[in-house]
Amino acid sequence: MSATAAGSGRGGPAAAGAGARSARRARARLRAADGVRIDAAYEPGPGPVGGPVVVLAHGFTGDLDRPQVRRAAHVLARHAAVVTFSFRGHGRSGGRSTVGDSEVLDLAAAVTWARSLGHSRVITLGFSMGGSVVLRHAGLHGLARLRARTTPEAAPGTNGGRTEARGGTQGAESAAAAVFAIPAAPSAASAPSAPAVPVPLSEADRVVAAGSRADRTDLVIAVSSPARWYYRGTAPMRRLHWLVTGRLGRTVGRLGFRTRIRPGDWDPVPLSPTALAPYIAPVPLLLVHGDRDPYFPLDHPRALQRAAGTHGELWIERGMGHAENATDEALLGRLWRWAERTGGTAGA
């Protein structure tokens, strides 16, 4: 998985004026595996270099300079180093938003950069769309690990057990199969060695699943995440679909929210957070959701917890609304204490 800063070589990301093991603040232009430039920032935190780092993934129409993202970063930087970044199509990042598909490449770039700065433990914390991205990112890595143990070959009957990767992305994606053999999840009733089900993955899913250990996460926290795609059951989500699917809506997104949205439907549809939640284990997982969330009702976090099984912990927060705006300082402190108890700060 490639994630180099603007002006740096392929050997590893480095922000201008900050060495690979620097504890100084830094602003960098990362490069995701498909070449999209990603705006990112680093706060060193109070501990020694090499301690834990939190990688924050904002919600749709957010970016790293939004006040609610800066507030969360400021609170968490009292405890650990923090990396914030803007998803593609948001803020100063390049490209166009795919609303949760190719965004896994942006997160992978940010995690790789965090590790290059000397941090051995990475906590990914995502809000709303960012929550779905951290779940998918961790699940794709878990899926790849399980597949390596149980189905060393690709789906049978595809070019002698292997297929050629499609699309223009180079590097890791060229080593991934266009059809990925999905083994049974560890929490499923069938054994992990059950026959694989051939599933066409999106290009971004293939790239992350074929990526290196440099962009893996050690702990996952998803706040206000959707469980499934195409949900239109609330008025805010119907408005969001209008913003994403029509030319006028995308113009409003670009001019009013600084969010550039890619036109067209997903093809193929990326694996959903619920589909990937069973594969996150053994990476610790916390799901957080407000009982007054106007976007996603409580069946979303409950579906995610059911998919994750006993591995996933769920907090239903009384009186809480949606995502960054509803995550106050007290809750951020509790999230950090959970990470400490669960092992996300081990080795600090």
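User: How much space lies in the largest pocket, and what makes it a pocket?

Analyst: About 980 Å³ of space lies there. On a 1 Å grid over the protein atoms alone, a pocket is an open set of points with protein on both sides within 12 Å along at least five of seven lines. The volume is the space filled by probe spheres set on the points, which are joined across faces, edges and corners. Please keep in mind that this is a predicted model, where local features need pLDDT of at least 70, side-chain atom pairs count only at pLDDT 80 or more, and totals for chains, interfaces and linings use all residues. Residues are numbered from 1 along each chain as its sequence is written, and side-chain values use heavy atoms, with hydrogens and water left out.

User: What makes a residue part of the lining of the largest pocket, and which residues lie nearest its centre?

Analyst: A lining residue has an atom within 4 Å of a point. The largest pocket has 39 of them, and Phe60, Val99, Met237, Leu240 and Val244 lie nearest its centre. Two or more lining residues come from each of helix H3 (129-150), helix H5 (235-245), helix H6 (247-257) and helix H9 (323-326). The largest share, 8 residues, belongs to H5. Helices here are DSSP runs of H or I with at least four residues, strands are runs of E with at least two, and both are numbered from the N terminus.

User: Why is the other kind of space called a cavity, and how many of 30 Å³ or more are found?

Analyst: Happily, the definition is simple: a 1.4 Å probe fits at the points of a cavity but cannot get out. A search of the whole structure gives 2 cavities of 30 Å³ or more. The largest cavity holds about 50 Å³, and the second largest about 40 Å³.

User: How do you know which class the lining residues of the largest cavity belong to?

Analyst: Ala, Val, Leu, Ile, Met, Phe, Trp, Tyr, Cys and Pro count as nonpolar, Asp, Glu, Lys and Arg as charged, and the others, Gly among them, as polar. The lining consists of Val54, Leu76, Ile123, Leu125, Ile221, Leu335, Trp336 and Ala339. Set against those classes, the lining has 8 nonpolar, no polar and no charged residues. H10 gives the most, with 3 residues.

User: What makes 59% of the protein chain count as buried?

Analyst: Buried means under 20% relative accessible area, with a 1.4 Å probe and protein chains only. Of the 348 residues of the protein chain, 59% therefore fall in that class.

Conventions:
Buried means under 20% relative accessible area, exposed over 50%, partly exposed in between (1.4 Å probe, protein chains only).
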